[in-house]
Amino acid sequence: MNALQPSRVGGGLFVTGTDTGVGKTFIACAIARNWRAIGVDVAPRKPVESGCPERDGHLFPADAALLAAAAGLPATRIGEVNRYRLAEPLAPDLAARLAGRPLHLADLVAACARPEGAWRITEGAGGFYSPLCEDGLNADLAQALGDPVLLVAEDRLGTLSGCLLALEALDRRGLTVAGIVLNRRQCDAHPAMDNRMTLAQRSGLPVWSIPEGAPPAEVDQMLSASSSSMVSPPEPGSAGSNP
C-alpha cells in the first residue's frame, strides 16, 4: 500500500514541522497545487491559526488563505480551511485562552472534517509537540485524524536532532510517516553538510531538499517529479471515511 493511501479514519496528509517557521505552509501549498493539477478535489485544513492581523474589521488567516488559493478555492471559502482565528502571535492554546475562547481537541478534529471524495491536507501550528489546545498537542490532532504525516524542517546545521526526535515521537504514536522535506537550504551552508543523505540513511524514509529561494513552480516540479508516492492520491472513490 502506498504510504498515502487512506488510513483507518481518513484520507490525506498531515503536514507538521520540527518547529515554527520552517515552511509548512509553503510545502503544503506545493502539494495542494500538484494534487489539483491532476484533477483531485483538495480540502486544505488549518483548523487554528494564531498571529492573525486585522483586515476590514476581521482577523485574517494568512496561511489559510494561501492554502485555499493553492487548492483553487475562492476567498469566500477560507472559513472551510480555517475555523479558529486568533490575534496573539503565540501558541494557539495560549492565544485562545487570552482571547477568552479556550479550544479543545474535539473542536479542532471537527474543523478538519473532510468532504466526501476530497483528499485532505491538514497543516498543524508550530512543531509536532507544540501545544495546540487545552487538551492536546499537534501530535494529538495528527493521531486523531490518522492521516500519514509529512515532516518539514529547515535544512541547516543542527536539524538532524530535531528531525530524529520528531520521527521517534511519530513512531511512538503509531503514525505513518510519508517522508521528510528539508526546506530552505542556505546557499552558504557547508558543502560537506548533507542532512538529506543522513536522514535518508538513518530513517529509511524519502527525503526531499528544497534550496533557499526556490520559486513555487520549481518546488512544485521537484515534489511532483521525485515524490510520486507523496503527491499521488488514491483513485477516485477510494478515499476513506470522514474523521
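# Salt bridges, pocket and long-range pairs

Colleague: Does aspartate 147 count as buried or exposed?
Modeller: This is a predicted model. Aspartate 147 has a relative accessibility of 1%. The cut-off for burial is under 20%. Therefore aspartate 147 counts as buried.

Colleague: Which side chain meets that of aspartate 147 in a salt bridge?
Modeller: The N to O distance in this pair is 2.9 Å. A salt bridge requires a separation within 4 Å. The partner of aspartate 147 is arginine 120.

Colleague: How many residues apart are arginine 120 and aspartate 147 in this salt bridge?
Modeller: The salt bridge joins arginine 120 and aspartate 147. Arginine 120 sits in strand E7, while aspartate 147 is in the loop between helix H6 (138–145) and strand E10 (149–154). The pair links distant parts of the chain, and the separation is 27 residues.

Colleague: What is the relative accessible area of arginine 120?
Modeller: Burial means under 20%. Arginine 120 is buried, because its relative accessible area is 0%.
The value is 0%.

Colleague: Which residue forms a salt bridge with aspartate 140?
Modeller: The closest N and O atoms are 2.7 Å apart. Aspartate 140 lies in helix H6, and its partner is in the loop between helix H7 (159–172) and strand E11 (177–185), so the pair ties together parts 33 residues apart in sequence. That partner is arginine 173.

Colleague: Why are arginine 97 and aspartate 93 separated by about one helical turn?
Modeller: These two residues form a salt bridge, with the closest N and O atoms 3.3 Å apart. Both belong to helix H4. They are separated by about one helical turn because their spacing in H4 is 4 residues.

Colleague: Which residue of the pair arginine 97 and aspartate 93 is buried?
Modeller: Arginine 97 has 38% relative accessibility, so it counts as partly exposed. The other residue has a relative accessible area of 13%. The cut-off is under 20%, so the buried one is aspartate 93.

Colleague: How many salt bridges are there, and which residues are linked in a network?
Modeller: Side chains of opposite charge can pair when their charged atoms come close. The count comes to 10 salt bridges. The residues linked in a network are Lys46, Asp63 and Glu123.

Colleague: Which residues lie nearest the centre of the largest pocket?
Modeller: The largest pocket holds about 360 Å³ of space. Its lining has 23 residues. Nearest its centre are Thr20, Lys46, Asp63, Ala125 and Gly126.

Colleague: Which element gives the largest share of the lining of the largest pocket?
Modeller: Helix H1 (24–37), strand E3 (48–49), helix H2 (62–70) and strand E7 (119–127) each supply at least two residues of this lining. The largest share is 3 residues. That share comes from E7.

Colleague: How many residues of that lining are charged?
Modeller: The lining of the largest pocket includes 10 nonpolar residues. Another group is polar, with 8 residues. The charged residues number 5.

Colleague: What is the area of the nonpolar surface patch made by Leu90, Leu94 and Leu98?
Modeller: Leucine 98 is placed in helix H4 (residues 92–98). Leucine 98 counts as exposed because its relative accessibility is 55%. With Leu90 and Leu94, Leu98 makes a nonpolar patch of about 250 Å².

Colleague: How far apart in space are leucine 13 and valine 177?
Modeller: Leucine 13 is in strand E1 (residues 12–17). At 0% relative accessibility, leucine 13 is buried. Leucine 13 and valine 177 are 164 residues apart in sequence, but C-alpha to C-alpha the distance is 9.5 Å.

Colleague: What separates the C-alpha atoms of valine 219 and cysteine 29?
Modeller: Valine 219 sits in helix H9 (residues 216–226). Valine 219 counts as buried, at 0% relative accessibility. The two residues are 190 residues apart along the chain, and their C-alpha atoms are separated by 10.0 Å.

Colleague: Which residue has a positive phi although it is not a glycine?
Modeller: The phi is about 55 degrees. The residue is in the loop between strand E4 (54–55) and strand E5 (58–59). At 73% relative accessibility, it counts as exposed. The residue is aspartate 56.

Methods: Residues numbered from 1 in each chain as written. Predicted model: local features only at pLDDT ≥ 70, side-chain atom pairs only at ≥ 80, totals over all residues. Heavy atoms only, no water. Patch = residues over 30% accessible without salt bridge, like charges linked within 9 Å, V, L, I, M, F, W, Y side chains within 5 Å. Areas by Shrake-Rupley, 256 points an atom, 1.4 Å probe, with all protein chains shown as cover. Buried < 20%, exposed > 50% of the residue type's maximum accessible area, 1.4 Å probe, protein only. 1 Å grid on protein atoms, 1.4 Å probe; cavity = no way out; pocket = protein on both sides within 12 Å on 5 of 7 lines; lining within 4 Å. Points joined across faces, edges and corners; volume = space filled by probe spheres on them. Nonpolar A, V, L, I, M, F, W, Y, C, P; charged D, E, K, R; others polar.
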